Number of protein chains: 2
Amino acid sequence: MDRKDIHNSEYPKICEACEARHRGICGALTPDELTKLSRAARQHTVQAGHELMAESEPSGSYANVMSGVVKLSKMLIDGRQQIVGLQFAPDFLGRPFVDENRVSADAASDVELCRFPKAAIDSLIASSADLERRLHQQTLKELDEARDWMVTLGRKTAAEKVASFLYLIATHIDPSIDDSGGSAQFDLPLTRADIAYFLGLTIETVSRQLTRLRTSDIIQITHNRHVVIPVLNRLRDRMG
Amino acid sequence: MDRKDIHNSEYPKICEACEARHRGICGALTPDELTKLSRAARQHTVQAGHELMAESEPSGSYANVMSGVVKLSKMLIDGRQQIVGLQFAPDFLGRPFVDENRVSADAASDVELCRFPKAAIDSLIASSADLERRLHQQTLKELDEARDWMVTLGRKTAAEKVASFLYLIATHIDPSIDDSGGSAQFDLPLTRADIAYFLGLTIETVSRQLTRLRTSDIIQITHNRHVVIPVLNRLRDRMG
DNA sequence: CGGCCGGTTGAATCTCTTCAACGTCCGTGG
DNA sequence: CCACGGACGTTGAAGAGATTCAACCGGCCG
């Protein structure tokens with residue numbers, strides 16, 4: 001159990017500043033394992049709007065999200081679309097055990113990834129119970145988030161949905177959030193269309209509800225994307 | 001890896017007929033482990049409508065669902081309710097790693113459970129990678145189901161939601177389903193109110209949509225609960 | 001400059017909800 | 001035995017909330 005992780009120098013250089021080494025799955029690895037994995041890893045950037053993985057298609061790699069926001073979505077045959085999850089750093093991207101993805105993954109904003117060959121992770125999973133544990137816990141977290149969102153989708157009004165969305169983004173993006181209320185500000189990583197896909201609404205309804213929140217002085221919006229929430233608790237009151 | 005599972009006699013008697021030994025989590029255990037666990041296990045029945053575990057409360061036990069249907073639900077502070085999952089035999093019930101439940105669990109129909117003390121499972125998880133793997137996979141399955149349902153909640157019409165619900169129940173309950181279309185019949189394990197909570201609709205809308213499916217000869221309903229679906233593919237066509 | 005993309009706003013429409021009445025089944029108690 | 005009440009379900013009419021369709025605005029890129 002002694003991982004000798006006192007000396008930073010034992011970690012590969014590219015991992016040193018990486019959040020995934022602390023809160024992400026790489027935290028489950030020994031310096032040795034991490035070193036081996038880092039040799040197979042490749043960091044790169046994907047521009048907003050580009051696809052990372054396609055629904056119902058095998059994917060040859062996993063990845064850690066290092067920065068930016070990834071949207072996971074599903075489509076009905078007639079094209080209706082629903083975003084079923086958002087991933088932020090240092091979330092793990094990809095589906096262990098099966099070849100086929102059940103969702104498609106797209107870069108909502110510009111996204112930095114650290115990609116691994118599927119085989120590298122799969123063999124690590126087989127040998128490291130810690131890693132499997134970490135992945136299991138991320139899956140449980142995603143399940144919790146999915147179920148929370150089901151309540152939003154099934155039971156909340158459009159106004160409550162938009163407020164819930166802004167709160168979700170604020171708590172995941174704004175580094176200065178301390179949970180005790182206060183204020184927040186950030187750039188929306190999603191277009192109005194993406195927000196609508198996430199909330200099960202239309203673009204127009206999202207736009208109208210944002211306008212309502214703005215004219216009620218709950219939020220300020222500049223340049224279409226930059227949002228200021230002076231009093232988070234006033235937003236929470238509108239979340240249902 | 002040799003689990004010596006050729007001779008049935010090596011398994012505890014109460015486990016012999018249990019589905020969880022094959023498709024459920026107990027399939028990950030050696031006969032020895034299973035024997036120890038079975039000593040701590042207690043089978044019992046919970047009547048429809050009774051609560052199994054409360055939201056936001058610690059639960060001292062886990063359980064396998066042996067028969068019947070369990071509904072997992074969440075509530076908003078003002079009482080609005082959403083069912084976020086249904087569990088059938090031989091699903092595992094309970095949340096590893098944390099004390100607090102994130103959902104409440106209620107018996108939708110009469111439910112037979114096989115309960116285990118939390119500590120018994122937790123220590124098995126620590127020592128058996130197979131068990132953790134099995135739990136991880138059940139979690140992944142639940143995540144897939146949750147995301148599928150998010151599409152239904154966010155994007156489908158009331159008519160499509162009800163059709164999707166009937167199809168879900170048919171494929172999970174009717175033992176004669178062979179996936180290749182054909183027909184199905186079963187007793188609905190949920191009341192109209194439960195169906196509404198599951199679909200993000202009102203009771204009245206559910207009732208009206210069931211009537212529409214009935215008058216369109218897609219389904220037959222007798223005694224309010226017994227459903228016959230002569231041609232499953234005709235139902236699928238209405239699922240969106 | 002022109003056209004496109006992302007976003008906002010308005011008016012008409014439609015779907016689902018709300019409120020209310022009614023029907024059936026079933027267990028209980030007079 | 002039958003009357004009563006409650007749980008569950010259906011149906012109708014009116015209303016609210018979200019969608020649809022359309023026009024318009026500003027910024028950006030070729």
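This briefing covers how two protein chains pair up and how they meet two DNA strands. The model is predicted. Chains A and B are related by a turn of 180 degrees. Residues from both chains come nearest to DNA strand C, and residues from both chains also come nearest to DNA strand D.

**How the two chains pair**

- Chain A can be laid on chain B with an RMSD of 0.0 Å.
- The move is a turn of 180 degrees, with a shift of 0.0 Å along the axis. That is the relation of a two-fold axis.
- Of the interface residues of chain A, 100% are also interface residues in chain B, so the copies meet through the same surface.

**Around DNA strand C**

- There are 16 residues around DNA strand C. Chain A gives Ser207(A) and Thr211(A) to the group that comes nearest, and chain B gives Ala158(B), Thr205(B) and Arg208(B).
- These surface residues divide into two nonpolar, eight polar and six charged.
- Helix α7 (203-215) of chain A and α7 (203-215) of chain B each supply at least two residues of this surface. α7(A) gives the most, with four residues.
- Of the strand C atoms within 4 Å of the protein, 60% belong to sugar or phosphate. The rest belong to bases.
- Thr211(A) reaches the phosphate part: a polar side-chain atom lies 2.6 Å from a phosphate oxygen of DNA strand C.
- Thr202(B) also has a phosphate partner, with a side-chain N or O atom 3.3 Å from a phosphate oxygen of DNA strand C.
- Arg208(A) meets a base instead: an N or O atom in its side chain is 2.9 Å from a base nitrogen of DNA strand C.

**Around DNA strand D**

- DNA strand D also has 16 residues around it. Here Ala158(A), Thr205(A), Arg208(A), Ser207(B) and Thr211(B) come nearest.
- The surface near DNA strand D holds two nonpolar, eight polar and six charged residues.
- α7 of chain A and α7 of chain B each supply at least two residues here. α7(B) gives the most, with four residues.
- Sugar or phosphate accounts for 62% of the strand D atoms within 4 Å of the protein, and bases for the rest.
- Ala158(A) uses its backbone: a polar backbone atom is 2.6 Å from a phosphate oxygen of DNA strand D.
- Arg192(B) uses its side chain, where an N or O atom is 2.8 Å from a phosphate oxygen of DNA strand D.
- Arg208(A) appears again, with a polar side-chain atom 2.7 Å from a base oxygen of DNA strand D.

Key: Residues numbered from 1 in each chain as written. Chains lettered and ligands numbered in written order. Predicted model: local features only at pLDDT ≥ 70, side-chain atom pairs only at ≥ 80, totals over all residues. Heavy atoms only, no water. Least-squares fit on C-alpha atoms with pLDDT ≥ 70 in both. Contact = heavy atoms within 4.5 Å. Near = heavy atom within 4 Å. Polar contact = N/O pair within 3.5 Å; in protein donor to acceptor, adjacent residues only side chain to side chain. Nonpolar A, V, L, I, M, F, W, Y, C, P; charged D, E, K, R; others polar.
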